[in-house]
Every structure is written in structure tokens, then in C-alpha cells.
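Work through the exercises below with the sequence and the structure open. Try each task before reading its solution.

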Amino acid sequence: MRTLNPARPVAQALAIKDGLILDLGSNEEILGLANEYTRVIDLEGLTLMPGFVDPHTHLIFAGQREFELPMKQSGASYLEILASGGGILNTVRATRNASREELVMAATARLDRMLAFGTTTAEAKSGYGLDKDTELKSLEAIAELAKTHTVELVPTFLGAHAVPEEYKGAPDDYIEFVISDVLPEVAARKLAEFCDIFCEKGVFSVDNSRKLLSAAQKAGLGLRIHSDEIVRLGGTALAVELGAVSASHLMQTSDQEFEGMAERGVIAELLPATPFALMEKEYPRARAMIEAGVPVALSTDLNPNCWTESMQFVIALAAYNMKLHPSEALAAATRNAAFAINRADTVGSLEVGKQADVLVLDAKNHLTIPYHFGVNLIETVIKKGKIVLGEKNLP
Ligand SMILES: [Zn+2]
């Protein structure tokens, strides 16, 4: 059963050995484990916490769309920008024209920033190809980055992110193409652990979502869905029906659907940077979800329309705009986020036997993390027991 466990101080000190957390306890207990080869680091006055897990990123894309900001300021909606040839289809053209190496290079810069802001594990989606070659190229880029970059990656196939221009007005045909031509190769080459779809009015219907996700499930992939961002179509109910690991956005989701999610353990992936970037006043009803027993995870939704690599910023947005208690927001950005990408056995909390993915923050306590916002509080990042960033900040 996946539940939201508010983060709480667990120990004064921790011991790391062979990349794993060996023990947690009082200073005396942990110092008692040291021998002549042990490096002892005094972090008095700083906060230690598990590395952030970002369970929803559109990591692979080419180009950028800063020119849309003034359009948004003058009141153009996401669907209007999309209809005028901007938005996602603009990024699709740039991504199709980019080589795999160019995609890897652009994503490396993003992953470097994610790591600098404390993200040690992240999900990464394809979805700006919308043709077979570019979707495969994007997933190959993720596979390469998973081998070369410190940030641990979990790949998701999002071939059904939008209807490409070649299939304009024919989403059914596009879904058939994805199911018959692209998904089998993604599954056979094990290029993705999850399949995702953008279930939204004017994009993919609930029927199309059911077709693709059912096929993906048969092919052995886990399921995720973008649902209820703009219009409540029934994508969240579908997530419950199919036992998806997570449903994301959930701006319009009903109380009844929250109950279904709580019963089935479908994790709500909340992406507060998205309404922020769209200049919307409404945020997902996180408090109602938590009260209904829905496990809540937080994510950046990093993409060309909402470009942030900072889970610290997302935590601040969650605290100020969705009224998540700092401890709830931290649990949502670590432990629950790890559940949302099937990595809860290894990352997402400081527990004996888990990977030593540890952050050292210049924060007096966990309440300080959303309280002192708009800055990077990270002093040091440890991944699998190795200091990968900020060695010089240690005493
Ligand atoms: Zn998304």
C-alpha cells in the first residue's frame, strides 16, 4: 500500500558503506561504527535528507520557446498557442531535426542543473518525436544518459504526447500507428519501463488512451497518464481502472476520482510549476487529495513550456500555492516520488540498506526548505555513497 508518510527527522547521524546506508542513529552510535579508514564529516547546523526524486520530466527536447512568454502574458491559452503552430509542435520540429548527440548534449546540461539542485533520480520521457525514428532516437538518448550521467534515470515512452501534423484530425489512426509500429520495438528493445499518454480534449480521448495503455500493459510496461489538466475527460478513472502507477496534473479531478485513486493506490503526480508557467490561478486540490488518502508526489514537469530543473522551487510552490506542509512536500518529492517510478526499494528515503543518495543543505531544519525559497540550498550531493558535488563545501 502506498501512503503518504510525512518526512520527519530520523536521526542525528548516518553511516555509509559500499554505496548504501549502513546505519542511522545518534552521533555516539554512528561514531561507534567508525574505524581508521572511516571518513567522519561533522555537519552540525546543516540538514541531511534523501536526494530528490523527480518522477515526471520531459527531459528530451531540442530548442526552446521563450518567445511564447509574451504571448501568454497577452492572454493566449496553451491550446491557442498550439493551434497557431507554436507550442509542442514547434518543439517536435526542432527535436526531429536534432541528432541523437545533440539531444544528449542538451539533456546533459539539464541533468547537470538537476543534480546541482539535488535531484539524484528522475523519470525521463520521450514525446517530442511523434514519429518512429525520433521517438526511438529520444529513448536511445535516455539510455545513453542513463549510462553516462550521475542522475539515475527511469525511461518512459510518451509517443502519444500530441497528434503530429501528419495525422491532424486523425488521432485514432495515430494511436493505431503507435500501437502497431512503435510500441513493439520500444518493448522488444527494453527502451522504456513505462508508457504514458496525454489524455485531453482535442488530443487523445479516453478510448484511445485505453487502447494504447492496454497494449503497453500487455507488452510489459508500467502505466502513467496525463489527465484532467484542462478538461475532466475521465483519464483519471482510466488510470484507476488499469492500475496505472500514477496520474499527473489532475487540475480538474473530482472527489469521486480521488476515492478511486486512494483505493487503487494510484499516485497523484502534482506539477505546480505548470500552472505557474501558464499564469493560472488554480492549482491541483492537493489538500483534498491527501484528506481522501491519495498518495501525492511532486515533480518539476520539466519541459519547454515549463522549464525548471529545481525540485526546491516546486516544493516552495507546493507549500505556498497548494498548502502542503513542508514535511508533506518533502515526502512527496522523495519517498512518494520514488514509489511513482517503482524505485521505492532503493531510493527516496534514508533507511538502512537503501542507496546512499544524500543531500546536505544549508538549512537549519526541513521547514527552512520551502521557507527560504528562490535560492539553491544544496551544499553537497552524495549519489550511491560518492560525493558527486560540493566536496569543497564539506568541513
Ligand atoms: Zn508532462
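**Exercise 1. Two loop residues with positive phi**

Task: Classify D18 as buried or exposed, do the same for D228, and locate each in the chain.

Solution. The model is predicted.
- Step 1: Count neighbours. D18 has 8 other C-beta atoms within 10 Å.
- Step 2: Apply the cut-off. A residue with 12 or fewer such neighbours is exposed, so D18 is exposed.
- Step 3: Place D18. It sits in the loop between β1 (13–17) and β2 (20–25).
- Step 4: Check the backbone. D18 is not a glycine, yet its phi is positive, about 50°. Most residues other than glycine have a negative phi.
- Step 5: Turn to D228. It has 25 other C-beta atoms within 10 Å. The limit for buried is 20 or more, so D228 is buried.
- Step 6: Place D228. Its loop runs between β8 (222–227) and α9 (235–242). D228, also a residue other than glycine, has a positive phi near 60°.

**Exercise 2. Domains and their contact**

Task: Find which elements of domain 1 supply at least two residues to the side that touches domain 2, and state what kinds of residues make up that side.

Solution.
- Step 1: Set the bounds. The domain assignment gives domain 1 as 13–49 + 350–393 and domain 2 as 52–340.
- Step 2: Take the distance. The C-alpha centres of the two domains lie 30 Å apart.
- Step 3: Count the contact. 15 residues of domain 1 meet 15 residues of domain 2.
- Step 4: Name the elements. On the domain 1 side, at least two residues each come from α16 (368–371), β13 (378–383) and β14 (386–389). β13 gives the most, with three residues.
- Step 5: Sort by type. This side of domain 1 holds eleven nonpolar, two polar and two charged residues.
- Step 6: Look at one residue of α16. Y371 lies in that helix. Y371 has 13 other C-beta atoms within 10 Å, so it is partly exposed. Its C-alpha atom is 8.7 Å from that of A319, 52 residues away along the chain.

**Exercise 3. The largest nonpolar core**

Task: Find which helix gives the largest share of the largest nonpolar core, and what A333 touches.

Solution.
- Step 1: Size the core. The largest nonpolar core has 114 residues.
- Step 2: Pick out the residues with the most contacts inside it. They are A268, L298, I315, A318, A332 and A333.
- Step 3: Find the main contributor. Helix α13 (residues 311–321) gives the largest share, eight residues.
- Step 4: Check the domains. Domain 1 and domain 2 each provide at least three residues of this core.
- Step 5: Zoom in on A333. Residues up to four places away in sequence are left out. A333 then touches F52, L298, M311, V314 and I315.

**Exercise 4. A helix pair**

Task: Decide whether α7 and α8 are roughly parallel or roughly antiparallel, and list the residues in their contact.

Solution.
- Step 1: Read the geometry. Helix α7 (residues 171–188) packs on helix α8 (residues 206–218) at about 5°. The axes are 10 Å apart.
- Step 2: Apply the cut-off. Angles under 35 degrees count as roughly parallel, so α7 is roughly parallel to α8.
- Step 3: List the contact. α7 uses P171, D172, I175, V178, I179 and L183. α8 uses N208, K211, L212, A215 and A216.
- Step 4: Sort by type. The contact has eight nonpolar residues, one polar and two charged.
- Step 5: Follow K211 of helix α8. Beyond its neighbours within four places in sequence, K211 is in contact with I175 and I179. The C-alpha atoms of K211 and I179 are 8.3 Å apart, though 32 residues separate them along the chain.
- Step 6: Judge its exposure. K211 has 19 C-beta neighbours inside 10 Å, so it counts as partly exposed.

**Exercise 5. Helix α4 and the loop after α6**

Task: Find what the buried residues of α4 pack against, and what H149 contacts.

Solution.
- Step 1: List the buried residues of helix α4 (residues 87–97). They are G87, I88, N90, T91, V92 and T95.
- Step 2: Find their partners. These buried residues pack against α3 (78–83) and α6.
- Step 3: Move to H149. Its loop lies between α6 (132–148) and β6 (152–160).
- Step 4: Find its contacts. Outside four places in sequence, H149 is in contact with T108 and L111. The C-alpha atoms of H149 and L111 are 7.7 Å apart.
- Step 5: Judge its exposure. H149 has 18 other C-beta atoms within 10 Å, so it is partly exposed.

Methods: Residues are numbered from 1 along each chain as its sequence is written. This is a predicted model: local features need pLDDT of at least 70, side-chain atom pairs count only at pLDDT 80 or more; totals for chains, interfaces and linings use all residues. A nonpolar core is a set of buried Ala, Val, Leu, Ile, Met, Phe, Trp, Tyr and Cys residues joined through C-beta atoms within 7 Å. Helices (H or I, at least four residues) and strands (E, at least two) are DSSP runs, numbered from the N terminus. Domain bounds come from an automatic or database domain assignment. Two residues are in contact if their C-beta atoms, placed from the backbone, lie within 7 Å. Ala, Val, Leu, Ile, Met, Phe, Trp, Tyr, Cys and Pro count as nonpolar, Asp, Glu, Lys and Arg as charged, and the others, Gly among them, as polar. Axes are lines fitted to C-alpha atoms, for helices over the stretch in contact, and angles run from 0 to 180 degrees between N-to-C directions. Angles under 35 degrees count as roughly parallel, over 145 as roughly antiparallel, 65 to 115 as roughly perpendicular and the rest as oblique.
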